[in-house]
Amino acid sequence: MRILIQNYTSVICSEPMYMAKAFELTGHDVHLWGDSQISTFDVFDSFAPDVFVTHFQFLNPDCVKYLSQNKKIELILNCTGMSADQINMVESTVEENGINCPFVFTNAGQVLPYPRP
């Protein structure tokens, strides 16, 4: 499986890096996309992923457009920190554009409230 992970690493979260390494160690072809100089279309076209993992804050219009035109790519979305309004907006964007999003996840534990669609 080819997995494209957007590098949403911050000073408090290294999740994209350890997910990339874990998938790599289990035999998947992984690309950690961290160069903002590379356009969404270029990275998707050159890597041709089966799965795209990102944080909701990085789901930009270009990602939505590409995923809506390439229904075989699965979107896995980290929704940590989302408000109810934001999750409703993302949910409607996914549905309206026919994006293949089998699940979303959060890593907030009980620190942050869970968003409810």
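Tutor: A residue is called buried when its relative accessible area is under 20%, exposed when it is over 50%, and partly exposed in between; we shall apply these cut-offs to a model that is predicted.

Student: Why is Cys79 called buried, and where does Cys79 lie?

Tutor: Cys79 has a relative accessible area of 5%, which is under the 20% limit, and therefore the residue is classed as buried. Cys79 belongs to the loop between strand S4 and helix H4, residues 84-96. Its C-alpha is 9.6 Å from that of Val90, with eleven residues separating the two in sequence.

Student: What makes Ala48 partly exposed, and what is notable about its phi?

Tutor: The relative accessible area of Ala48 is 44%, a value that is neither under 20% nor over 50%, so the middle class applies. Ala48 sits in the loop between helix H2 (40-47) and strand S3, and its phi is positive, about 50°, although the residue is not a glycine.

Student: How do you know that strand S3 is largely enclosed by the rest of the structure?

Tutor: Strand S3 spans residues 51-55, and because five of its five residues are buried, the strand is described as largely enclosed. Side chains in a regular strand alternate between the two faces of the sheet. In S3, Val51, Val53 and His55 lie on one side and Phe52 and Thr54 on the other, and both groups are buried, so that each face is covered in the sense of the 20% limit.

Student: Which strands pair with S3, and what makes each of them a partner?

Tutor: Pairing requires at least two bridges between two strands. Strand S1 (residues 2-6) has three bridges to S3, and strand S4 (residues 74-78) has five, so both meet the requirement, and both pairings are parallel. Individual partners can be named as well: Val51 of S3 is bridged to Ile3, and Val51 also stands opposite Glu74 in S4. From S3 the chain passes through helix H3 (residues 61-69) to S4, in a β-α-β crossover that is right-handed.

Student: What makes S4 a largely enclosed strand, and which strand besides S3 pairs with S4?

Tutor: Four of the five residues of S4 are buried, and the strand is therefore also described as largely enclosed. S4 pairs with strand S5 in the parallel sense over four bridges, with Glu74 opposite Asn100 in S5. S4, H4 and S5 together form a right-handed β-α-β unit. On the side of S3, His55 stands opposite Asn78.

Student: Why is Asn78 called buried, and what contact does its side chain make?

Tutor: Asn78, which lies in S4, has a relative accessible area of 1%, and since this is under 20% the residue counts as buried. Its side chain is joined to that of Glu15 by a polar contact of 2.6 Å, a distance within the 3.5 Å cut-off.

Student: Which residues line the largest pocket, and how do they divide by class?

Tutor: The lining includes Asn78, Glu15 and His55, together with others such as Tyr8, Ser10, Phe58 and Asn107. Five lining residues are nonpolar, six polar and one charged. The pocket holds about 230 Å³ of space.

Student: How does the lining of the second largest pocket divide, and which element gives the largest share?

Tutor: This pocket encloses about 180 Å³ of space, and among its twelve lining residues Ile87, Val90, Glu91, Cys101 and Val104 are closest to the centre. H4 and S5 (100-105) are the elements that each contribute two or more residues to the lining, with the largest share, five residues, coming from H4. The classes are ten nonpolar, no polar and two charged.

Student: What makes S1 and S2 a pair, and what is the handedness of the unit they form with helix H1?

Tutor: S1 and strand S2 (residues 29-33) share five bridges in the parallel sense, and because at least two are required, they count as paired. One of the facing positions is Ile5, opposite Leu32 in S2. With helix H1 (residues 15-25) between them, S1 and S2 complete a β-α-β unit that is right-handed.

Technical notes
Residues numbered from 1 in each chain as written. Predicted model: local features only at pLDDT ≥ 70, side-chain atom pairs only at ≥ 80, totals over all residues. Heavy atoms only, no water. Buried < 20%, exposed > 50% of the residue type's maximum accessible area, 1.4 Å probe, protein only. Right-handed = clockwise from strand over helix to strand, strands pointing away. 1 Å grid on protein atoms, 1.4 Å probe; cavity = no way out; pocket = protein on both sides within 12 Å on 5 of 7 lines; lining within 4 Å. Points joined across faces, edges and corners; volume = space filled by probe spheres on them. Nonpolar A, V, L, I, M, F, W, Y, C, P; charged D, E, K, R; others polar. Polar contact = N/O pair within 3.5 Å; in protein donor to acceptor, adjacent residues only side chain to side chain.
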